[in-house]
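Reader: Please show the model first. I will then ask about its helices, strands, salt bridges and cores.

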Amino acid sequence: MLALGSPLLVGVYHEGVLIQTERSTDKSSEALPRIMKTLLETFTCKGLYFARGPGSFMAIKVTYLFLKTLEIALGIPLKACDGFTFNGGQPIKAVGKLFFVKEHGKITTEFLKDEQESNWELPLRLDTATFGQDTSPLYHLPAL
């Protein structure tokens, strides 16, 4: 699941291969319950994988709370990775001309004079080794 900004992307994988993608430009708090209700009624979920940040503070918070609730209530294992996994390592918008960048494994913020676009994509094959046990939100907030 990718909910660091718009659009929200939710992928369904079978044996590691993407078989269905749900996309929404609605707020995460509105789209997540609707999408997940439909998917959980249709598919048996064996794991939840999501991008824990950086990105939209509210989207990260809502997504984490929603998925953590599913993990606890339904016993579905939850794993996470950073958002750079889903945009080819490109800068991620923070605020204004400030962007999150990842270099040598470290996430920092930088002012970039040219607007950067994050082209979010769900991988066609899910590499579960990319995801770790640390599912806490990556609230890497820039100083304003």
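**Questions on the model**

Author: At 42% relative accessibility, arginine 34 counts as partly exposed, where buried means under 20% relative accessible area, exposed over 50% and partly exposed in between (1.4 Å probe, protein chains only). This is a predicted model, in which local features need pLDDT of at least 70 and side-chain atom pairs count only at pLDDT 80 or more, while totals for chains, interfaces and linings use all residues. Residues are numbered from 1 along each chain as its sequence is written, and side-chain values use heavy atoms, with hydrogens and water left out.

Reader: Which residue does the side chain of arginine 34 meet in a salt bridge?

Author: A salt bridge is a side-chain nitrogen of Lys or Arg within 4 Å of a carboxyl oxygen of Asp or Glu. For arginine 34 the N to O distance is 3.0 Å. The partner is partly exposed, at 38% relative accessibility. The residue is aspartate 26.

Reader: How many residues apart are lysine 37 and glutamate 41?

Author: The two form a salt bridge, with the closest N and O atoms 2.8 Å apart. Lysine 37 is exposed at 52% relative accessibility, and glutamate 41 is exposed at 57%. Both lie in helix H1; helices (H or I, at least four residues) and strands (E, at least two) are DSSP runs, numbered from the N terminus. Their separation, about one turn of the helix, is 4 residues.

Reader: How far apart in sequence are the parts tied together by aspartate 134 and arginine 52?

Author: The closest N and O atoms of this salt bridge are 3.6 Å apart. Aspartate 134 lies in the segment after E7 and arginine 52 in the loop between E3 and H2, so the pair ties together parts that are 82 residues apart in sequence. As for exposure, aspartate 134 is partly exposed at 41%, whereas arginine 52 is buried, with a relative accessible area of 15%.

Reader: Within what arc do the buried residues of H2 fall?

Author: Helix H2 covers residues 57-74 and reaches 26 Å from its first C-alpha to its last. Its buried residues are Ala59, Ile60, Thr63, Tyr64, Leu67 and Leu70. They line one face of the helix, because seen down its axis (by the directions from the axis to the C-beta atoms) they fall within an arc of 130°.

Reader: Which residues are exposed on the other side of H2, and what covers the buried ones?

Author: The cover of the buried residues includes helix H1 (28-42), strand E3 (48-51) and strand E4 (78-81). On the other side of H2, the exposed residues are Ile72 and Ala73.

Reader: Which element gives the most to the largest nonpolar core?

Author: A nonpolar core is a set of buried Ala, Val, Leu, Ile, Met, Phe, Trp, Tyr and Cys residues joined through side-chain atoms within 4.5 Å. The largest has 18 residues, and Met1, Leu8 and Leu67 are among those with the most contacts inside it. Strand E1 (8-14), H1, E3, H2 and E4 each give two or more residues to this core. The most, 5 residues, come from H1.

Reader: Which residue in the hairpin of E6 and E7 takes a positive phi?

Author: Strands E6 (residues 98-103) and E7 (residues 106-111) run antiparallel and are joined by 6 bridges; two strands pair if DSSP finds at least two bridges between them. Glutamate 103 stands opposite lysine 106. The hairpin has 2 residues between the strands, and the residue with a positive phi, near 55°, is histidine 104.

Terms used:
The expected span of a helix is 1.5 Å times one less than its number of residues. Contact means heavy atoms within 4.5 Å.
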